[in-house]
Amino acid sequence: MDFSGFFSERASSIDTSGIRRIFHLGAHMKDPINLSIGQPDFPVPDAIKRAAIDAINNDHNGYTLTQGIPELRAAISKHLMDDLGWDIDRGDASIAVTGGTSGALLCAALATLGPGDEAVIPDPYFVLYPSLPILCGARPVLCDTYPDFRMTAERVEPLITSKTKFVLVCSPSNPCGVVNSRQECEDLLDLCRRKNILLISDEIYDEFTFPEFHDIRAGRSQSPSPARFDGANEDVLVIRGFGKTYGCTGWRMGYVAGPTPLVDQIAKLQQYSFVCAPSIAQWGCVAAFGVDQTETVLRYQKRRDMVVGALREHTNVATPGGAFYVFPEIPPSLGITGRQFVERAIERNVLTIPGNVFSKRDTHVRLSYATDEAKLERGVEILCDLMQGN
Ligand SMILES: Cc1ncc(COP(=O)(O)O)c(C=O)c1O
């Protein structure tokens, strides 16, 4: 069959060539120092593994309710009560377990956007973000957050028009690791309320927020979130996941929590697409909230300190408060783009991702420190050497 001109504008307008080219270049490297990986380097905690294995042994292999198995919904409800003060049983908000955080983002976009609509997303962005409005026939409006990567209400407000349906904020962020302050969360929520638009908060890395960036209230210490303000259950869609926190990205587990009419639409769209999140993984994740990842997070914080400390000697780096990424600038004195820098690093056997995979600009590079300390140290040494023009 001749496929020229055959595919939909939707499919044709999505370009994955940037990241594919880097992985293609990386495929020829022998035992590279790979700082490109967006997933944790620790095994799934035993309690979660055991719960998934038990599910297989107990023949939990069928379809589940689209919104998720009652046991996991109960565990999420309890967690949201503790974390956000949302009482799901009382009807403050609704929840749905989704096929990954990506599934949640896609169904949320499909539920809200149509031709002519706009969605405000950060730049730099997680690679999926600009595609979400495009897949719905809508338009992504990029909020330039350089050089500190803070998506503030002040930066977002001028971008809002009568066509804006939602603002999507991500904290801790991919690719920068930047964490919003409590004040920034509140200002964004106030802005969205004033303009009567939805605030979507992608909190996939919420458990990976370093304690120094926590919001400390009433003796509790958590990642700052716009969902924690009075009445936010009526105005904010929270999107979270299990993959990053518990090292099970391939299990495809996420969830949404927010206003019931919106979650109902998301669940309906999931029913006719993903159907349900994987059953075995749902049973495994019932055990997740009982697992304490503090030690792991503190280990990642030490890596962050090492990486940022070294890079800062040679370039500008916004301090990441969570996740496992750093997004340093390529020193302008080198006179090269992010892509050219990545190509130089590949010649020295280090794999990173150029800024233009995550941004309209190509002035930075993304490093992931989800890799063992010895390799990481060696990789950062090489990158620092390159930043000095060597
Ligand atoms: C900010 C952000 N949101 C969502 C996702 C998608 O996560 P999932 O694997 O749960 O679909 C990622 C994955 O890298 C991410 O970085």
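**Close-up 1. Strand β10 is covered on both faces.** In this predicted model, M253, Y255 and A257 sit on one side of β10 and G254, V256 and G258 on the other, and every one of them is buried. Put as a count, 6 of the 6 residues in β10 (residues 253-258) are buried, so the strand is mostly covered.

**Close-up 2. Strand β10 pairs with β2 and with β9.** Let's look at the partners of β10. Strand β2 (residues 94-99) is joined to β10 by 6 bridges, and the two run antiparallel. Here you can find I95 standing opposite A257 of β10. Strand β9 (residues 236-241) also runs antiparallel to β10, with 4 bridges between them. In that pairing, G241 stands opposite G254.

**Close-up 3. The ligand has a shell of 13 residues.** G241 turns up again here, as one of the closest residues to the ligand, along with G100, T101, S102 and N174. Helix α5 (residues 100-112) gives the largest share of the shell, with 3 residues. What kinds of residues make up the shell around the ligand? They divide into 9 polar, 3 nonpolar and 1 charged.

**Close-up 4. Helix α14 keeps its buried residues on the same side.** This helix covers residues 373-387, 15 residues in total, and reaches 21 Å from its first C-alpha to its last, close to the 21 Å expected at 1.5 Å a residue. Which residues of α14 are buried? They are L376, G379, V380, L383, L386 and M387. These buried residues cover an arc of only 115° around the axis, which puts them on the same side of α14. An α-helix has 3.6 residues a turn, so residues three or four places apart point the same way. As for what lies over the buried residues of α14, the cover includes β1 (33-34), α12 (294-311), α13 (338-347) and β12 (350-351). Just after α14 comes G389, which takes a positive phi of about 85°.

**Close-up 5. T352 is a buried residue in a loop.** You'll find T352 in the loop between β12 and β13 (353-354). Is T352 buried or exposed? T352 is buried, because 24 other C-beta atoms lie within 10 Å and 20 or more is the cut-off for that label. Leaving aside neighbours within four places in sequence, T352 is in contact with L35, S36, V342, A345, V365, R366 and L367. For a sense of scale, T352 and R194 are 40 Å apart in space, C-alpha to C-alpha, and 158 residues apart in sequence.

How values were computed:
Residues numbered from 1 in each chain as written. Predicted model: local features only at pLDDT ≥ 70, side-chain atom pairs only at ≥ 80, totals over all residues. Near = placed C-beta within 6 Å. Nonpolar A, V, L, I, M, F, W, Y, C, P; charged D, E, K, R; others polar. Expected span 1.5 Å × (residues − 1). Buried ≥ 20, exposed ≤ 12 C-beta atoms within 10 Å, placed from the backbone. Arc of directions from axis to C-beta. Contact = placed C-beta atoms within 7 Å. Pairing = 2+ DSSP bridges.
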